[in-house]
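Thank you all for coming. I would like to take you through one model this morning, going slowly from the overall make-up to a few local details.

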Amino acid sequence: MRGPALSSLALRAAEEGGFQPPTISETHLPEIFPWMAEWGTGFGKNMLMALLAVLLIIALFSFAIRKQALVPSRTQWIAESGYAFVRNTLGRDILGEKHFRPWVPLLFTVFFFVLFNNIFGAIPFLQLPTFSHAGPAYAMAGMIWLTWVVLGFRMHGAKYLKLVTVPSGVPKYLLPLLVPLEFLSNFIIRPVTHSLRLMAVMLAGHIIVMLAGSAAEYLIVQQEGIANTGLGVLILLGSIPLYFLELVMMVLQAFVFALLTAIYIQGSIEAEAH
Amino acid sequence: MISASLIQAAEGDANPLAPNPWELLVAALGFLVLLFVVIKWIAPKFEQAYQNRVEAIEGGINQAEEAKAEAEALKAEYQKQLAESRAEASRIRDEARAEAGQIVAEAQEKAAAEASRIREQAQAQIQAERAAAAAQLKTDVGSLATDLASKIIGEALEDDARSQRVVDRFLADLDAEQQTQGAAQ
């Protein structure tokens, strides 16, 4: 899918007689089924990636655990390690021994859905982290926001609002200032940062990849002269460590996203302690 | 497609914060489907595999502990039995030794009694035989001597009274001689 984007860049560069860096618009690729535009929008690569992640996660984990062997095969062991990591590090360590069990599937799904979608950005031809688009990131953060808010009210009733917005041990005259601030930070800003943190990191990584690719292409193919070609090769070489940095960021962001999910849920379960 | 993207570029950059509602919807639905599958099948399978393993390991440990306890009980019983049989053996040995001593003593006693009885009986018999022999001898020697003397001196000693006296005196002399000989020995 990078072909059209790059050739459009090349074309534009040729017309305007200089290097045009790729823009954010380039992350929105042409739609796969343009005729679906009649119903509002076409079916884009981004949606394909999200569905691919769903199918891949179901297929891989179902395959790995199909035998439930006492002495696991290598595949089962790897899958179990992934599950145990979410279960113990994100679930038990944060939610506590008493509450973590019902939340393990949610944390597992959040972590691996985000992880797989992020990793797509590092796989040739797929090469698009789903969460570099705001829509999927908003969707995830929104659903998680709804989960912990509803959970908070279900566990503590209307008192939950007071528990979250009125900090304890603060002088009374400060409350008019602090209560709106707490409300804003907990209910409005929290889901926004939750989604934008992921989206921004993925988008930045994606743009860096695009920039390196298009600049290298421009220098090697469009420009003449050994110096330009050499510079283009250097950019390609430089993009290799960047690729691995991106890989680290992809895993890290998936972990941070799932970790924050666990922390928000824990905050709702034990609102008294906050 | 190329012209479309050129137009898009000309219109200005897409706002990265503005979501594509369809992408939002697809991601949300995909996530919910995945969540459903994970809750329904994947997570329970992992939990069950984990639980099975815990049970298998704990079961193995318990079995090993049971076997160990059983072996220790058997060993203790065996040692107890061994100690008992040792005590029994030494008791039997002591008894046997005592019994043997008793038997030996009884046998010795019996043998000694028997021996003394036999000795006494023999002595009595010897005494009786000797007495009988002495008596027999006395008469025989007397008559023999008388016969002999009468043959030598003829009928001079036909008088019984006198001959009897002579014989008695002879015998007394013989006895005395014998006694002095015995004393000398």
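Let me begin with helix 5 of chain A, and with what lies over it in this predicted model. The buried residues of this helix are covered by parts of both chains, among them helix 2 (45-65), helix 6 (159-165), helix 7 (175-222) and helix 8 (226-269) of chain A, and also helix 2 (21-153) of chain B. The buried residues themselves are A:A134, A:G135, A:P136, A:A137, A:Y138, A:A139, A:M140, A:A141, A:I144, A:W145, A:W148 and A:G152. As for its length, helix 5 takes in residues 134-156, which is 23 residues, and because each residue should add 1.5 Å we would expect a span of 33 Å, with which the 32 Å between its end C-alpha atoms agrees. Right after helix 5 of chain A comes A:G157, a residue with a positive phi near 70°.

Stepping back to the two chains, chain A has eight helices and zero strands, while chain B has three helices, again with zero strands. Of the 274 residues in chain A, 35% are buried, whereas for the 185 residues of chain B the buried share is 9%. If we take the contacts in chain A with a separation of 6 or more, 62% of them join residues that are 24 or more positions apart.

Next, the core. The largest nonpolar core has 62 residues, and those that touch the most other members are A:L107, A:F108, A:F111, A:F113, A:V114 and A:A258. At least two residues of this core come from each of helix 2, helix 3 (74-95), helix 4 (104-119), helix 5, helix 7 and helix 8 of chain A, and likewise from helix 2 of chain B. Which helix gives the most to this core? That is helix 4 of chain A, with eleven residues. To take one member as an example, A:V114 touches A:F131, A:L198, A:A254, A:F257 and A:A258, if we leave out residues up to four places away in sequence.

I would also like to look at one pair of helices in chain A. The axes of helix 3 and helix 8 of chain A come within 9 Å and cross at roughly 30°, and because angles under 35 degrees count as roughly parallel, that is how we describe helix 3 of chain A relative to helix 8 of chain A. The crossing of these two helices of chain A is right-handed. From helix 3 of chain A, the residues A:V86, A:L90, A:G91, A:I94 and A:L95 meet a set in helix 8 of chain A that consists of A:A258, A:L259, A:A262, A:I263, A:I265, A:Q266 and A:I269.

Finally, two loop residues deserve a look when you inspect the backbone. Most residues other than glycine have a negative phi. A:Q68, in the loop between helix 2 and helix 3 of chain A, is not a glycine, and yet its phi is positive, near 50°. A:F125, which sits in the loop between helix 4 and helix 5 of chain A, is also not a glycine and has a positive phi of about 75°. Are these residues buried, partly exposed or exposed? A:Q68 counts as partly exposed, because it has 16 C-beta neighbours inside 10 Å, and A:F125 is exposed, because 8 other C-beta atoms lie within 10 Å.

Key. Residues are numbered from 1 along each chain as its sequence is written. Chains are lettered from A and ligands numbered from 1 in the order in which they are written. This is a predicted model: local features need pLDDT of at least 70, side-chain atom pairs count only at pLDDT 80 or more; totals for chains, interfaces and linings use all residues. Helices (H or I, at least four residues) and strands (E, at least two) are DSSP runs, numbered from the N terminus. The expected span of a helix is 1.5 Å times one less than its number of residues. A residue is buried if 20 or more other C-beta atoms lie within 10 Å of its own, exposed if 12 or fewer, and partly exposed in between; C-beta atoms are placed from the backbone. Two residues are in contact if their C-beta atoms, placed from the backbone, lie within 7 Å. A nonpolar core is a set of buried Ala, Val, Leu, Ile, Met, Phe, Trp, Tyr and Cys residues joined through C-beta atoms within 7 Å. Axes are lines fitted to C-alpha atoms, for helices over the stretch in contact, and angles run from 0 to 180 degrees between N-to-C directions. Angles under 35 degrees count as roughly parallel, over 145 as roughly antiparallel, 65 to 115 as roughly perpendicular and the rest as oblique. A crossing is left-handed if the near helix is turned anticlockwise from the far one by less than a right angle, and right-handed if clockwise.
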